[in-house]
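Visitor: Please choose a single part of this model and take me through it closely, following its pairings and side-chain contacts outward into the rest of the chain. I would like the distances, angles and accessibilities along the way.

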Amino acid sequence: AQYETGDKLKNFESLAMVLVDLKYNGDQFLMSEYFFAQDLIGKKDEDEEQDEDQIRRELEKRKEIVLDFERKKCGQQMMAIYVDIYGNEFRELLKLK
């Protein structure tokens with residue numbers, strides 16, 4: 001992804017949200033969970049709203065983002081859709097054991 005300056009972005013700094021279907025049936029994506037960028041950096045305090053630049057700087061520092069789900073809420077496979085600040089999507093199919 002590229003920021004408005006045309007510079008390449010690294011890591012997660014262009015990530016805007018993650019959509020998750022915990023029981024993906026292989027055909028239809030039915031969103032069961034969603035996370036905005038602010039949620040992904042652990043900032044859920046609504047009293048202290050961060051601006052986009054602060055969130056992007058926090059995401060830039062991340063080497064990984066871990067989302068935990070209760071096993072009983074998950075099916076045989078899950079689908080995650082990562083959406084960047086430009087609306088681009090990357091889909092990932094996760095098979096559970």
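**A close look at strand β3**

Guide: Strands β3 and β4 run antiparallel and are joined by 7 bridges. Please keep in mind throughout that this is a predicted model, and that I will take β3, residues 77–84, as the part to examine.

On one side, then, β3 has β4 as its partner, and the two form a hairpin with 4 residues between them, where Gly87, in the turn, has a positive phi of about 90°. On the other side comes β1, which spans residues 15–21 and is joined to β3 by 6 bridges, again with the two strands running antiparallel. One position that shows how β1 and β3 are aligned is Leu15, which stands opposite Asp84.

Seen as a whole, the sheet is open and consists of 4 strands in the order β2-β1-β3-β4, with antiparallel pairing. Its edges are β2, residues 33–36, and β4, residues 89–95, each of which pairs on one side only, and the average twist from one strand to the next is 15°. Beyond β1, the pairing continues to β2 in the antiparallel sense over 4 bridges, with Leu19 of β1 having Tyr34 as its bridge partner in β2.

How enclosed is β3 within this arrangement? Of its 8 residues, 7 are buried, so the strand is largely enclosed by the rest of the structure. Tyr82, however, is partly exposed, because its relative accessibility of 25% is not under the 20% that would make it buried.

Tyr82 also repays attention for its partner across the hairpin. It stands opposite Phe90 in β4, and the two rings form a stacked aromatic pair, with 5.9 Å from centre to centre and 25° between the planes; the structure holds 3 aromatic pairs. Phe90 itself is exposed, with a relative accessible area of 51%. Elsewhere on β4, the side chains of Arg91 and Glu89 meet in a salt bridge with an N to O distance of 3.3 Å, and Arg91 counts as partly exposed at 48% relative accessibility. A search of the whole structure gives 4 salt bridges.

Turning to the other residues of β3, Met78 makes a good anchor for the interior. Once neighbours within four places in sequence are set aside, its contacts are Val20, Asp21, Leu22, Tyr24, Phe69, Glu92, Leu93, Leu94 and Leu96. Met78 also belongs to the largest nonpolar core, a set of 12 residues that includes Leu15, Val18, Val20, Leu22, Phe35, Ile55, Leu59 and Cys74. The elements that give two or more residues to this core are β1, α1 (37–40) and α2, and the largest contribution, 3 residues, comes from β1. There is also a second, separate core of 5 residues, and Leu19, Tyr24, Ile81 and Val83 are among them.

Cys74, named above as a member of the largest core, lies in the loop between α2 (52–61) and β3. Cys74 is buried because its relative accessible area, 12%, is under 20%. Not counting residues up to four places away in sequence, Cys74 touches Leu22, Lys23, Phe69 and Leu96, and of these Leu22, Phe69 and Leu96 appear among the contacts of Met78 too. Although Cys74 and Asp21 are 53 residues apart in sequence, their C-alpha atoms are 8.6 Å apart in space.

Charged side chains can be followed in the residues leading up to the strand. Lys73 and Glu70 meet in a salt bridge at 3.8 Å, N to O, and Glu70, Lys72 and Lys73 are linked in a network of such bridges. Lys73 is partly exposed, at a relative accessible area of 41%, and Glu70 is likewise partly exposed, at 41%.

Finally, in helix α2, on the other end of that loop, Glu58 forms a salt bridge with Lys61, whose closest N and O atoms are 3.5 Å apart. Glu58 and Lys61 are 3 residues apart in the helix, about one turn. Lys61 is exposed, with a relative accessible area of 60%, whereas Glu58 counts as partly exposed at 22%.

Conventions. Residues are numbered from 1 along each chain as its sequence is written. This is a predicted model: local features need pLDDT of at least 70, side-chain atom pairs count only at pLDDT 80 or more; totals for chains, interfaces and linings use all residues. Side-chain values use heavy atoms; hydrogens and water are left out. Two strands pair if DSSP finds at least two bridges between them. Axes are lines fitted to C-alpha atoms, for helices over the stretch in contact, and angles run from 0 to 180 degrees between N-to-C directions. Buried means under 20% relative accessible area, exposed over 50%, partly exposed in between (1.4 Å probe, protein chains only). Contact means heavy atoms within 4.5 Å. Rings of Phe, Tyr and Trp (its six-membered ring) pair if their centres lie within 6.5 Å; planes under 30 degrees apart count as stacked, over 60 as edge-to-face and the rest as tilted. A nonpolar core is a set of buried Ala, Val, Leu, Ile, Met, Phe, Trp, Tyr and Cys residues joined through side-chain atoms within 4.5 Å.
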